[in-house]
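Q: Please go through the structure shown here and explain how each descriptive term is justified.

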Amino acid sequence: MPFKIVRNDITRMNVEAIVNTANEQNEVGAGCDLAVYRAAGYDKLLEYRKQHIGQIEEGQSFLTPGFDLAAKYIIHTVSPFYLDGNHGEEEKLRNCYRNSLRIAKENDIQEIAFPLLSTGSFGYPKEEGMRIAIDEIHAFLLTTDMN
């Protein structure tokens, strides 16, 4: 159950699945979401989402093929926008990690790469976002073997 932190472009990670921070609607957002769509094949990925996924609530996750990425799968998770920390943002962010890891386990994915969810254009404080990421990934790895 190795866990390591690396600085890299998530779209260039050579792993079985990457995680993408998505939005609730069937549309492409900014930042990581846009980069993932461009690298995977914008039109193919967007069409797949429109046909198979639909609208998703904050904290929820879904799986798509990786299309043109090195990764076989993309786990999209709807990260919360940070308002002031008093609107359930922490629990929603924790759910992003939990649900992404659950989907990986259910699909027998052995290697996954996460960006630091919600800390870019969604405004989550980076230090707190990192703490949540480490907490949730560590808790998962205590009972599951995955890289």
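A: One cut-off is needed at the outset: contact, or touching, means heavy atoms within 4.5 Å. By that criterion Q110 touches E16, D145, M146 and N147, with residues up to four places away in sequence not counted. The model is a predicted one.

Q: Where is Q110 found, and how far apart are Q110 and E16 in sequence and in space?
A: Q110 is found in the loop between helix 3 and strand 4. Q110 and E16 are 94 residues apart in sequence, while their C-alpha atoms are 6.9 Å apart in space.

Q: Why is Q110 called partly exposed?
A: Buried means under 20% relative accessible area and exposed means over 50%, with partly exposed in between. Q110 has a relative accessibility of 39%, and therefore counts as partly exposed.

Q: Why is helix 1 called roughly perpendicular to helix 2?
A: The axes of helix 1 (residues 32-40) and helix 2 (residues 42-52) come within 6 Å and cross at roughly 110 degrees. Angles of 65 to 115 degrees count as roughly perpendicular, and therefore helix 1 is described in that way relative to helix 2.

Q: Which residues make the contact of helix 1 with helix 2, and how do they divide into nonpolar, polar and charged?
A: On the side of helix 1 the contact is made by L34, V36, Y37, R38 and A40, and on the side of helix 2 by Y42, K44, L45, L46 and R49. These residues of the contact divide into seven nonpolar, no polar and three charged.

Q: What makes strand 2 and strand 4 edge strands of the sheet?
A: The open sheet has four strands in the order 2-3-1-4, and its pairing is mixed. Strand 2 (61-65) and strand 4 (112-113) each have a single partner strand, so each has one side left without a neighbour in the sheet, and they stand at the edges.

Q: How do you know that strand 1 pairs with strand 3 and with strand 4?
A: Two strands pair if there are at least two bridges between them. Strand 1 and strand 3 have six bridges and pair in the parallel sense, with I75 of strand 3 as the bridge partner of V19. Strand 1 (residues 17-22) and strand 4 are joined by two bridges, which meets the cut-off, and they too run parallel. Along this pairing with strand 4, A17 stands opposite I112 and I18 stands opposite A113.

Q: Why is strand 1 described as largely enclosed by the rest of the structure?
A: Six of the six residues of strand 1 are buried, so the strand is largely enclosed. In a regular strand the side chains alternate between the two faces of the sheet. For strand 1 both faces are covered, since A17, V19 and T21 on one side and I18, N20 and A22 on the other are all buried.

Q: Which strands do helix 1 and helix 2 lie across?
A: Helix 1 lies across strand 1 and strand 3 (73-78), running at about 130 degrees to strand 1. Helix 2 lies across strand 1, strand 2 and strand 3, and runs at about 130 degrees to strand 2.

Q: What makes the phi values of F67 and S118 worth remarking on?
A: Most residues other than glycine have a negative phi. F67 has a positive phi of about 50 degrees although it is not a glycine, and S118, also not a glycine, has a positive phi of about 75 degrees. F67 is found in the loop between strand 2 and strand 3, whereas S118 is found in the loop between strand 4 and helix 4 (126-141).

Q: Are F67 and S118 buried or partly exposed?
A: F67 has 31% relative accessibility, which lies between the cut-offs of 20% and 50%, and so it counts as partly exposed. S118 has a relative accessible area of 3%, which is under 20%, and therefore S118 is buried.

Q: Why is T11 called buried, and what is T11 in contact with?
A: T11, in the segment before strand 1, has 12% relative accessibility, which is under 20%, and so T11 counts as buried. Leaving aside neighbours within four places in sequence, T11 is in contact with A35, V36, A39 and L69.

Q: What makes the 2.6 Å pair between the side chains of T11 and D9 a polar contact?
A: A polar contact requires a pair of N or O atoms within 3.5 Å, and the contact joining the side chains of T11 and D9 is 2.6 Å.

Technical notes
Residues are numbered from 1 along each chain as its sequence is written. This is a predicted model: local features need pLDDT of at least 70, side-chain atom pairs count only at pLDDT 80 or more; totals for chains, interfaces and linings use all residues. Side-chain values use heavy atoms; hydrogens and water are left out. Axes are lines fitted to C-alpha atoms, for helices over the stretch in contact, and angles run from 0 to 180 degrees between N-to-C directions. Angles under 35 degrees count as roughly parallel, over 145 as roughly antiparallel, 65 to 115 as roughly perpendicular and the rest as oblique. Ala, Val, Leu, Ile, Met, Phe, Trp, Tyr, Cys and Pro count as nonpolar, Asp, Glu, Lys and Arg as charged, and the others, Gly among them, as polar. Buried means under 20% relative accessible area, exposed over 50%, partly exposed in between (1.4 Å probe, protein chains only). A polar contact is a pair of N or O atoms within 3.5 Å; within protein, one must be able to donate a hydrogen and the other to accept it, and residues adjacent in sequence count only if both atoms are side-chain atoms.
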